[in-house]
Amino acid sequence: MSDDHDHGHEPERETFTHDPVGHTAVHGGMTVGDLADEYGKAGVGAAGLHEAVSVTEAMFDDDVTVFFGLAGAMAPTGMRRIVSDLIRDGYIDALVTTGANLTHDSIEAIGGKHHHGCAHVEGKTEREHDETLREEGVDRIYNVYLPQEYFATFEGHLREEVFPVLEAECEEEGSIPISRLTAELGRANAEVNERDDVAEDPGIAAAAYEADVPIYCPAVQDSVLGLQAWMYSQTTAFSLDALGDLTTITDLAFAADEAGAFVVGGGVPKNYVLQTMLVTPRAYDYAVQLTMDPPNTGGLSGATLSEARSWGKLEPDAESASVVGDATITLPLVVAAARERVEGDA
């Protein structure tokens, strides 16, 4: 009788190696880097975050040109200092973000503040809660509140400190690229922040201006910054060239020996960063994305980095990692652990 279960001739396991899951240990006094190392013993999201730290560490090498995409409500929710420090310390070579992040970044730079609030109030429906906030002149971003008067302050800042300089340039040149607007915004934010002795950090745009790091904002129209720019253009020579920035960001990609993409959230910043390599002979060598969106809807924000390989946005052997979760939790962890590793070796 034949034995169909001859254990002496087991087929080789193609997708299995003897790498047992360990058990994460935490204790008082451990660093963020220590915690990331412990995550490497575990599975599911912990393993993904550990991998993201390793890829980010490699990306933060001096020889890698880093394109950083920042979507979502990162500036108003308290993440702006992480990004501005990365810029100041030389970890970001080009930033792609939203007009909303630049608006909220600027509000903080010139003395405004976002405040802790509530997503829901006991005894009220969500609609009743938001109707009350509207009557009180408060805008809500989940559990973050922003008094509406700060938008008026921001409008005055743009019309007094930013737009007039750019209007004069447009009278001579016809129009300016959006990155010229973001650079001038950064200059003005830094100047007002110092002049008015604002306690808060001057922020992302100011750091980029001072470090000569370009900020690209391809969907600037979709923000208060964009609305104000449009209104100013109705009565002046001020005009933005929507295509002008494609030349400089592409030049940066062509000049890179190695390139890395660090993408927070999805939408326009994610695609703008990843598509940059499509017109070069190469693709990204490193990529990390922090997202909350699943890939099965077919939407860009949840699209995997592996999918980006099919488009030629990542090299076939590129090191990449994705972390699914709230970026206000994952961004500080990944950046802190990667910086600890890089700077600890310095």
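This report describes helix geometry, helix packing and salt bridges in a predicted model.

## Helix H2 and its surroundings

Helix H2 comprises 16 residues, from 44 to 59. Its first and last C-alpha atoms lie 23 Å apart, close to the 22 Å expected at 1.5 Å a residue.

The buried residues of H2 are Ala46, Gly48, Leu49, Ala52, Val53, Val55, Thr56 and Met59. These buried residues pack against two helices and four strands, namely helix H1 (32-39), helix H13 (327-344), strand E1 (64-70), strand E9 (258-264), strand E10 (284-291) and strand E11 (314-324).

## Packing of H4 and H6

Two packed helices are described by the angle between their axes and by the distance between those axes. For helix H4 (residues 99-109) and helix H6 (residues 149-173), the axes come within 10 Å and cross at roughly 90°. An angle of 65 to 115 degrees counts as roughly perpendicular, and H4 and H6 are therefore roughly perpendicular to each other.

On the H4 side, the contact involves Thr103, His104, Ser106 and Ile107. Their counterparts in H6 are Tyr150, Phe151 and Phe154. By residue class, this contact of H4 with H6 holds four nonpolar residues, three polar residues and no charged ones.

## Salt bridges within H7

The structure holds 24 salt bridges. One of them joins the side chains of arginine 180 and glutamate 184, with an N to O distance of 3.1 Å. Because these residues are four apart in helix H7 (residues 178-195), arginine 180 and glutamate 184 are separated by about one helical turn. An α-helix has 3.6 residues a turn, so residues three or four places apart point the same way.

Glutamate 184 also meets arginine 187 in a salt bridge, at 2.6 Å from N to O. Glutamate 184 and arginine 187 are three residues apart in H7, again about one turn of the helix. With a cut-off of under 20% relative accessible area for burial, glutamate 184 is buried at 4%, whereas arginine 180 is partly exposed at 23%. Arginine 187 is buried, as is glutamate 184.

## A salt-bridge network

Salt bridges that share partners join Arg80, Asp105, Glu108, Lys113 and Glu200 into one network. Within this network, the side chains of glutamate 108 and lysine 113 meet at 2.9 Å, N to O.

The two partners differ in accessibility: glutamate 108 is buried, with a relative accessible area of 5%, whereas lysine 113 counts as partly exposed at 31%.

Note on methods: Residues numbered from 1 in each chain as written. Predicted model: local features only at pLDDT ≥ 70, side-chain atom pairs only at ≥ 80, totals over all residues. Heavy atoms only, no water. Axes fitted to C-alpha atoms, helices over the stretch in contact; angles between N-to-C directions. Parallel < 35°, antiparallel > 145°, perpendicular 65-115°, else oblique. Contact = heavy atoms within 4.5 Å. Nonpolar A, V, L, I, M, F, W, Y, C, P; charged D, E, K, R; others polar. Expected span 1.5 Å × (residues − 1). Buried < 20%, exposed > 50% of the residue type's maximum accessible area, 1.4 Å probe, protein only. Salt bridge = Lys/Arg side-chain N within 4 Å of Asp/Glu carboxyl O.
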